[in-house]
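Biologist: Please take a close look at a single part of this model and describe in detail how it is built. I should also like each term to be defined where it is used.

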Amino acid sequence: TAAFWNAAGGTLLIGVDDKKTLLSLSADNFRNDDHMLLHLTKLIEDNLGLIQTQFVNAMIDSVENNKVLRIDVKPSSVPAYLNYKNDEIFYIRSGPSSSQLKISEIFHYLNTRFYSHIK
């Protein structure tokens, strides 16, 4: 989701594969839908920061008797960094995939995406 925040936003579906086959969420073994949504919120807080939760709307939909987690992500007003193994990683969306920017690319991207109004 960090890539969506750092670009134009987007929607992530959990429980559907790349070929649009429904996989369902039952294998995740959450007690109920609320616990799954609370777990997602905690993951975002722990790995991306509390401020990023305001840019997410998550809901569980039923499609053909299967549950699918839909995560709608609005573009962030501040850069989102993924915390991974005590390191911060910066991702953007590039077509249908997420790409990690190199350090040499991050400064230019931040200036054009987030700070172009500051001169």
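Modeller: A residue is called buried under 20% relative accessible area, exposed over 50% and partly exposed in between, with a 1.4 Å probe and protein chains only. This is a predicted model, in which local features need pLDDT of at least 70 and side-chain atom pairs pLDDT 80 or more, while totals for chains, interfaces and linings use all residues. Residues are numbered from 1 along each chain as its sequence is written, and side-chain values use heavy atoms, without hydrogens or water.

The part chosen is helix α3, residues 103-113; helices (H or I, at least four residues) and strands (E, at least two) are DSSP runs numbered from the N terminus. Its buried residues are I106, Y109 and L110. Because they cover an arc of only 100° around the axis, they lie on the same side of α3; the arc is that of the directions from the helix axis to the C-beta atoms. An α-helix has 3.6 residues a turn, so residues three or four places apart point the same way. On the face of α3 turned away from the buried side are the exposed residues S104, F107 and H108.

The buried residues of α3 pack against α1 (2-6) and β6 (91-94), where contact means heavy atoms within 4.5 Å.

Elsewhere, three strands form an open antiparallel sheet in the order β1-β3-β2, two strands being paired if DSSP finds at least two bridges between them. Five bridges join β1 to β3 (residues 66-73), and L12 has I71 in β3 as its bridge partner.
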